[in-house]
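Visitor: I should be grateful for a close look at one part of this protein, namely its largest pocket and what surrounds it. What volume does the largest pocket have, and which residues lie nearest its centre?

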Amino acid sequence: RRMLDKANLLSLMKTVANANPSGTYSYQGESFSYDALNTTLRNELNELVGTDELYRENKHTLFSLIEQTMDEVVPNRLLNSYGNFAEIRTFGQGDKPVFTRRTGLTRAKQFITRVGLAGVYETFKLGSESFEVGTSAIGGAARIGFEEFLDGRVNFAELTQIVTEGMQELIYREIAQALMGSINQLPAANRCAVAGFDEATMDYLVNTASAYGQPTIYCTREFAVKMIPDNEAWISDNMRDQYWGTGYLANYKGTRVVILPQTLEDETNSRKMIDPGYAWVIPGGADTRPVKVAFEGTTHVRERDDNDDWSRDIQVYRKVGVGVMMANNIFSYVDTELQGELDNTNPNPNNG
């Protein structure tokens with residue numbers, strides 16, 4: 001069997017990285033399940049770098065494939081998760097990541113929250129037609145043992161996926177932190193804090209936001225599962241079926257509910273990364289994507305192989321910046337019962 005050339009291997013890597021594991025995908029005119037595509041990719045990479053000798057010979061080709069895949073996949077995944085909520089752009093290395101505001105009803109009342117060093121969030125009034133989102137480096141790494149090479153157990157497809165997801169989760173956290181850092185700058189009429197879900201409060205926010213356009217509610221799944229009408233008479237059989245099937249209602253009294261992704265800090269599954277207590281009500285219209293994400297330059301991959309045990313660290317580097325442009329047509333609901341509840345506690349641990 002002939003190996004795929006570099007162009008086709010890159011196409012396969014991007015297809016697998018962008019794929020939903022439950023879907024069916026077309027590749028080179030044929031239909032494949034995700035598992036079949038992933039197996040093919042694993043076999044192809046094994047042919048390219050599956051032994052220590054092959055790895056030393058072809059590692060720069062591998063690094064280039066990973067870099068080009070991540071250049072596309074990380075922004076795409078972010079777009080799929082936050083596309084209605086965030087403006088995501090890629091800038092050239094050394095170019096200033098500048099975003100231009102769009103004029104609208106709230107033009108004179110906009111402000112920016114930008115991420116500073118050491119998690120300091122600075123808020124300032126928007127006094128010009130554009131603003132810069134500063135970028136800084138984020139990265140990930142995976143260690144490969146020498147014995148894994150000798151035994152043919154290295155899975156570079158899985159390695160790429162792990163590092164990609166790790167960098168993606170870092171960006172999710174920066175988005176959440178920037179949003180929380182900006183909430184107190186909203187007008188008092190735009191923000192509500194209530195213990196639990198209060199229907200009248202959400203109705204107030206949705207109705208007020210409706211003055212600017214058709215609103216959408218953005219929240220975590222933990223918030224959404226509590227967002228049901230107080231009066232049983234409102235709940236139809238269809239709503240019960242939907243709630244049972246998905247765990248939440250995708251529509252609140254005619255207002256669409258969009259679930260923002262939750263993630264966990266590490267493999268112990270013991271702590272959440274995104275505070276579940278925040279929901280955002282944002283109308284359609286001008287400047288309705290408050291989050292601004294800037295990717296500067298391209299992904300860089302390198303090897304560090306000076307470990308005493310002959311293992312290698314594959315390190316990935318990318319420059320990213322996050323800012324938030326708020327205005328008085330954006331509304332927030334804080335469930336103080338959920339706010340800060342990041343511990344993911346198992347209610348019935350089995351220690352046996």
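Guide: On a 1 Å grid laid over the protein atoms alone, a pocket is an open set of points with protein on both sides within 12 Å along at least five of seven lines, whereas a cavity is a set of points where a 1.4 Å probe fits but cannot get out; a residue belongs to the lining if it has an atom within 4 Å of a point. Grid points are joined across faces, edges and corners, and a volume is the space filled by probe spheres set on the points. The model is predicted, with local features needing pLDDT of at least 70 and side-chain atom pairs counting only at pLDDT 80 or more, while totals for chains, interfaces and linings use all residues. Residues are numbered from 1 along each chain as its sequence is written, and side-chain values use heavy atoms, with hydrogens and water left out.

The largest pocket has a volume of about 470 Å³. Its lining consists of 22 residues, and those nearest the centre are Ala17, Asn18, Ala19, Arg77 and Glu165. Two or more lining residues come from each of the helices H1 (6-18), H2 (34-49), H3 and H5. Helices (H or I, at least four residues) and strands (E, at least two) are DSSP runs, numbered from the N terminus. H5 makes the greatest contribution to the pocket, giving eight residues. By class, the pocket lining has nine nonpolar, ten polar and three charged residues. In this classification Ala, Val, Leu, Ile, Met, Phe, Trp, Tyr, Cys and Pro are nonpolar, Asp, Glu, Lys and Arg are charged, and the others, Gly among them, are polar.

Two of the helices that line the pocket, H3 and H5, also pack against each other. Two packed helices are described by the angle between their axes and the distance between the axes. The axes of H3 and H5 come within 9 Å and cross at roughly 40°; axes here are lines fitted to C-alpha atoms, for helices over the stretch in contact, and angles run from 0 to 180 degrees between N-to-C directions. The crossing is right-handed, a term used if the near helix is turned clockwise from the far one, whereas a left-handed crossing is turned anticlockwise by less than a right angle.

Contact means heavy atoms within 4.5 Å. On the H3 side the contact includes Met70, Val74, Arg77 and Tyr82, and on the H5 side it includes Glu165, Met167 and Ile171. By class, this contact has 14 nonpolar, four polar and two charged residues. Arg77 and Glu165 thus appear in the helix contact as well as among the residues nearest the centre of the pocket.

The surroundings also hold enclosed spaces. There are two cavities of 30 Å³ or more. The largest cavity contains about 120 Å³ of space, and its lining residues are Tyr82, Ala176, Leu179, Met180, Thr220, Leu260, Ile274, Asp275, Tyr278 and Trp280. H5 (156-182) and strand E13 (278-283) each supply at least two of them, and H5 has the largest share, three residues. The lining comprises eight nonpolar, one polar and one charged residues. Tyr82 of H3, part of the contact with H5, is thus also a residue of this lining.

The second largest cavity has a volume of about 40 Å³. Met70, Val74, Met167, Phe295, Thr299 and Arg318 form its lining. H3 (52-82) and strand E14 (291-304) are the elements that give two or more residues to it. By class, four of its lining residues are nonpolar, one is polar and one is charged. Met70 and Val74 of H3, together with Met167 of H5, take part in the helix contact and also line this second cavity.
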